[in-house]
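Thank you all for coming. I would like to walk you slowly through one structure today, so please keep the sequence and the model in view while I talk.

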Amino acid sequence: MLCYFTIHQSMTTTTSPPDKMSVLIELLKDAWVYVRLDPRRDGVALPEWLRNQPDLVLQYGYNMPIPIQDFVVDDKGIGATLSFQKKPYSTFVPWSAIFMISDGEKRGMIWEADVPQE
């Protein structure tokens, strides 16, 4: 069972955070999940106009109003066809690009080493 910290709680250097995939899977059991990422990182597949900013939030979930038919979470990252400006786009986000995962309420995790410097 995963233990979550509030978004603002910092972790001690002796505690390593849970892996990103485990946090995402656990949060998806109860909620839609917000994934903050650096879209400039290698391996990210998003519309080009989104790739120049240091911080982007994508929303994933199993029970969304418009279901994500090809939603995949695996050892490499998150894959899904998402809609941008009402156009579908096949996306992929490797774990290395993700620096925060939250349910938008009170549970989540920040991986400080992956937060963009900006």
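**Rings, a sheet and a charged network**

Let me begin with Tyr 62, which counts as exposed because its relative accessibility is 51%, and the cut-off for that word is over 50%. Please keep in mind throughout that this is a predicted model.

Which residue pairs with Tyr 62 through its ring? That partner is Phe 71, and the two rings form a tilted aromatic pair, with 5.4 Å from centre to centre and 55° between the planes. Phe 71, in contrast to its exposed partner, is buried, with a relative accessible area of 14%. If you look a little further, you will find that ring pairs link Tyr 60, Tyr 62 and Phe 71 into a cluster.

The structure holds 3 aromatic pairs, and another of them is formed by Phe 84 and Tyr 89, which meet edge-to-face at 6.5 Å centre to centre, with 80° between the planes. Here Phe 84 counts as buried at 13% relative accessibility, while Tyr 89 is partly exposed at 32%.

Now to the sheet, which is open and has 3 strands in the order E3-E4-E5, with antiparallel pairing. Strand E3, residues 72-73, and strand E5, residues 87-94, stand at the edges with a single partner strand each, and therefore one side of each has no neighbour in the sheet. Strand E4, which covers residues 77-84, is joined to E5 by 8 bridges, and within this antiparallel pair you can find Gly 79 standing opposite Phe 92 in E5.

My last topic is charge, and the structure holds 8 salt bridges. Arg 40 forms one of them with Asp 38, where the closest N and O atoms are 2.8 Å apart, and Asp 38 also meets Arg 41 in a salt bridge, at 3.8 Å from N to O. Is Asp 38 buried or exposed? Asp 38 counts as buried, because its relative accessibility is 5%, whereas Arg 40 is partly exposed at 33% and Arg 41 is partly exposed at 25%.

Arg 40 has a further salt bridge, with Glu 118, again at 2.8 Å from N to O. This pair links distant parts of the chain, since Arg 40 lies in the loop between strands E1 and E2, and Glu 118 lies in the segment after strand E7, 78 residues apart. Glu 118 itself is exposed, with a relative accessible area of 64%. Taken together, salt bridges that share partners join Asp 38, Arg 40, Arg 41 and Glu 118 into one network.

Notes. Residues numbered from 1 in each chain as written. Predicted model: local features only at pLDDT ≥ 70, side-chain atom pairs only at ≥ 80, totals over all residues. Heavy atoms only, no water. Pairing = 2+ DSSP bridges. Helix = DSSP H or I, 4+ residues; strand = E, 2+ residues; numbered from the N terminus. Phe/Tyr/Trp six-rings, centres within 6.5 Å; stacked < 30°, edge-to-face > 60°. Buried < 20%, exposed > 50% of the residue type's maximum accessible area, 1.4 Å probe, protein only. Salt bridge = Lys/Arg side-chain N within 4 Å of Asp/Glu carboxyl O.
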